Amino acid sequence: MEVNNPSAIVYLVDDEFAVRDSLTLLIESTGRSVRSFESANDFLNNYNHEQPGCLILDVRMSSMSGLELQEELSKREINIPIIFISGHADISDSAKAFRAGAVDFLEKPFDDEILLNRIEEAIQKDIEIEEQLIKKRQIQKRLDHLTVREKEVLSLIVSSYSNKEAAAVLNISNRTIDVHRAHIMEKMQAANLAELMMMAMQCEIVQHGSELVD
Amino acid sequence: MIPNPTERIIVMGKQTSDNKDIEMLRKKVETLLNEHGNDIRKKATKMLSQSGTDISRLSSADIQNLLFEFQCYQIELELQNEDLNRTYQELSASRDEYEQLYNLSPVGYLTLNKEGIIQKINVAATHLLGNSKEKLIGKKLKELILPIDQDNYNSFIKVFLTAPTDQTLIIKLNSINTKSTHLNCQGFDLCGCSTQDCNHNNTSVYVECRGIANYNDKNDLQICLTINDITERKQVQETILCLNEKLENKILKQTSELIESNLNLKKKIEELKYSKHQLLEREAKLNSIFNASIEGIITINTSGNIVSVNAAVETIFGYTQEELIGYSINKLIPLSLRQKNRHYLKGYLQTYMLKNIGQIKEVEGMRKDGSSVPLDLSIAEFSIDGTSYFTGIVRDVSLRKHQELQDKEHLDELAHVTRLGLMGEMASGIAHEVNQPLTSIANYTQACLNFIQGENPDPKQISEILFKTHQQALRAGQIIHRMRDFVKSKKIYRTTADINTLIHDAISLCAAEFKPNHIRLKFELTKNLPAVYVDNVQIEQIIINLIKNSIDALKTLPQKTQRQLAIQTRLNNDNDIEIRIKDNGPGIDEAQQQKILTPFYTTKSDGMGMGLSISRSLVEAHDGVLHFNSKPGKGTTFYFTLPTRRKSNGS
């Protein structure tokens, strides 16, 4: 069976052997690779984020529950998309899971088509996230090359300050602002102001602009 | 000068010398004078000279007359003299006689002068005074008197000296002549008087003095005493006194002894009266107990014949007392159990009764109408005058039996109802448990479909998956089956079971409770335990109840705490199976510990408060006990026992 992103891996964490075994077979029958783990810790120890993938996670497990693992992953900034499966849908559990960015919350036993669709979506999402992450890292890298003054100017520009206004705030001349602005555009490899604004938003400079001003 | 009379007579005789008569007279006078001595002559001469008569002046006639007179007088004198002589003779004879009498008299005579010196004494007196006459005369009588009587004697004598009257005195003499009479108390030893001890055993002589005082011819005061030996009389008197005294003492002693024993007797009578009263009171009490007792009291002799029954026996068996007393105990025993042979009955009774004294036996009795009645029987033995009796106390337990049966039914019903409740509480968990195999089944089958639809389906792989699917279906079915068993069975029956299997079955119903609550379940089951004979469902119910309580307790612990629940089985020291359910939860505080086993007490907002009390009742219905230990902050262990199959068969 042909699948997109064949290198992607479906991670499965469920402490119930039969569920683990049957799900593995089911997913493998669609041509996906599966790595299953009995416990959250096993998963944490073996997860490789180099490859795209998704995580099918049982909500109720004895040592660390699915929700706890989700929390732990967030702490470790592991953004693998999670599909929760649960013996019975507990509204508070599912709400919590969704708030924390879960792809879906499926109740056992589940329609295999829905699960498989969600797996594909999740893998796609993981790939996108990974791409965005790479992009963000590039922008961050470029940002790191800016001087302190340039960062200050950038912060004011993305906060919709005009050159004149920015010059007044920083107590420098309009001309100097212009020079900084040209340097910023060049270092950030931005074609125009809109692109620069986008980059700034991705790196959350807009919100944290005030910090840069300091 | 006047010559003395004798000279005068001589002179006169000379003057009438021729007169023969004168001569004769003169001779006679001389004789008289000789006889009477010169004193009388001198006195006469003197008296004549004093009379003043001068014979020389007298006439012859006068002289003749005078002579005649004189001659007459002479003759008279001679006659008087003869008379006097005769009298003298008589006197000396009587004097001798007196002397003899004086000396031979058994009465002692004594004559004392006023100084108390013995002047005269007769033989009897010398004997009494124990000395010879010669030694006694001239001795003071006082010296012979014992000192104790001397004062009496002195005053006795004094009386004579002042007013000489007749008086009597009894005194004790120091008898030197010790021929004393030991009459005393000898021979009266019966009175407890021995010779040595007796005061009156002495050798003293008692005399009675009777005296009179007079003046002797010399006009001296003299005291004449008669003394009588009254020793014997006195001693007899004193002996009598002594005996009387002793007798009196004896009587006094005996009287006091009598009084004392009388008092004792009175006391004893009082005591007897009191104990009699007590006995009566006790008898009355016992009688009232005997008759008011709701338990039948039957007394039989060793032959098995009924001696007495109380009112309750009539109620229990339907016989009147008259229909029972004197009859064999067989009358109250069901036909099948009767001992026909009288001799055998006796032996059987002895062993049966003695064996069961002090115990309560469940036996069967037979009423008058032939119906049987379940009884609790306890037996006591007693004997009166060597005859043994047995008292059986019987209680009609048919009501209790019925009650017990009803209680059991109630308990079973209640257990069932609470089981339904328990199942309700566990429903979602069980649903989850069923969901797992169902999920697996769905996955397996879809995987199979996918493989079959794919290129080169591998039949071996597919059959493996189908086998797993089958297993999961069975598993789901098992859970449903157990659940149905758990709630369905209203009919209670006991079977032989392995406790560890029961525990696993119970756990399968509540397995879903552990995971979501992060409870680690630990089995510490002893293998190869003896079987128990129980109602499986009820035992599972107990286990689930206790596990659920532990889970509820563990849930209150903070998330990060390690929550542990251990189930242990073992054979305890009494050879009972002991099941322990132990958690490391918060424990039960002491105030709650008192109440948690009582019905309707709960600490849970959604609890009924029936779980533990039902569990306890169920354990007890299985002849076990349910206990718990709890330390606040450390955890709680509930444990219960079940008799092993062997043991429960034995009882």
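## The antiparallel sheet of chain B

Let's start with a sheet in chain B: 5 strands form an open sheet in the order S7-S6-S10-S9-S8, and the pairing is antiparallel. At its edges sit strand S7 (306-309) and S8 of chain B, each of which pairs on one side only. From one strand to the next, the twist averages 35 degrees. Keep in mind that this is a predicted model.

Walking in from the S7 edge, strand S6 (residues 296-301) of chain B pairs with S7(B) in the antiparallel sense, over 3 bridges. If you want a spot to look at, B:Ile300 stands opposite B:Ile306 in S7(B).

## Two hairpins in that sheet

Over at the S8 edge, strand S8 (residues 360-366) of chain B runs antiparallel to strand S9 (residues 372-384) of chain B, and 7 bridges join the two. One place to check the register is B:Gly365, which stands opposite B:Val373 in S9(B). S8(B) and S9(B) make a hairpin with 5 residues between them. In that turn, B:Gly370 has a positive phi of about 90 degrees.

S9(B) then goes on to pair with strand S10 (residues 387-396) of chain B, again antiparallel, through 10 bridges. Here B:Glu381 has B:Phe390 in S10(B) as its bridge partner. This pair is a hairpin too, with 2 residues between S9(B) and S10(B). The turn residue B:Asp385 has a positive phi of about 50 degrees. As you look along these strands, remember that in a regular strand the side chains alternate between the two faces of the sheet.

## The mixed sheet of chain B

Chain B also has an open sheet of 5 strands in the order S12-S14-S15-S17-S16, this one with mixed pairing. Its edge strands are strand S12 (519-525) and strand S16 (626-631) of chain B, each pairing on one side only. The twist here averages 15 degrees from one strand to the next.

Within this sheet, strand S14 (residues 563-571) of chain B and strand S15 (residues 576-583) of chain B run antiparallel and are joined by 7 bridges. B:Ile567 has B:Ile581 as its bridge partner in S15(B). H14(B) packs on the sheet, where it touches S12, S14, S15 and strand S17 (635-643) of chain B. The direction of H14(B) makes about 20 degrees with that of S15(B).

## H13 against H14

H14(B) has a helix partner as well. Helix H13 (residues 499-510) of chain B and helix H14 (residues 536-555) of chain B pack with their axes 9 Å apart, at an angle of about 55 degrees. That angle makes H13(B) oblique to H14(B). The crossing of H13(B) past H14(B) is right-handed.

Who does the touching? On H13(B), the contact is made by B:Leu502, B:Ile503, B:Asp505, B:Ala506, B:Leu509 and B:Cys510. On H14(B), the residues are B:Asn536, B:Ile539, B:Glu540, B:Ile543, B:Ile544, B:Ile547 and B:Lys548. Sorted by class, the contact of H13(B) with H14(B) has 9 nonpolar, 1 polar and 3 charged residues.

## Where the chains meet

Chain A puts 19 residues into the contact between the chains, and chain B puts in 25 residues. On the side of chain A that touches chain B, the largest share comes from helix H1 (residues 17-28) of chain A, with 7 residues. By class, this side of chain A divides into 8 nonpolar, 6 polar and 5 charged residues. For the complex, the predictor gives an ipTM of 0.75 and a pTM of 0.49.

## How far to trust it

Chain A has a mean pLDDT of 85, and 93% of its residues reach 70 or more. Among the elements of chain A, strand S2 (residues 33-37) has the highest mean pLDDT (94), and helix H10 (residues 209-213) the lowest (43). Over residues 207-214 of chain A, pLDDT stays under 50, and the model has 9 contacts beyond four places in sequence for this stretch.

Chain B averages a pLDDT of 80, with 86% of the residues scoring at least 70. Residues 5-17 of chain B have a pLDDT below 50, and beyond near neighbours in sequence this stretch has 18 contacts in the model. The pLDDT is also below 50 over residues 177-197 of chain B, a stretch with 38 contacts beyond near neighbours in sequence. Where pLDDT is low, the predicted coordinates should not be read in detail.

Conventions: Residues are numbered from 1 along each chain as its sequence is written. Chains are lettered from A and ligands numbered from 1 in the order in which they are written. Axes are lines fitted to C-alpha atoms, for helices over the stretch in contact, and angles run from 0 to 180 degrees between N-to-C directions. Helices (H or I, at least four residues) and strands (E, at least two) are DSSP runs, numbered from the N terminus. Angles under 35 degrees count as roughly parallel, over 145 as roughly antiparallel, 65 to 115 as roughly perpendicular and the rest as oblique. A crossing is left-handed if the near helix is turned anticlockwise from the far one by less than a right angle, and right-handed if clockwise. Two residues are in contact if their C-beta atoms, placed from the backbone, lie within 7 Å. Ala, Val, Leu, Ile, Met, Phe, Trp, Tyr, Cys and Pro count as nonpolar, Asp, Glu, Lys and Arg as charged, and the others, Gly among them, as polar. pLDDT is the predictor's confidence in each residue, from 0 to 100. Two strands pair if DSSP finds at least two bridges between them.
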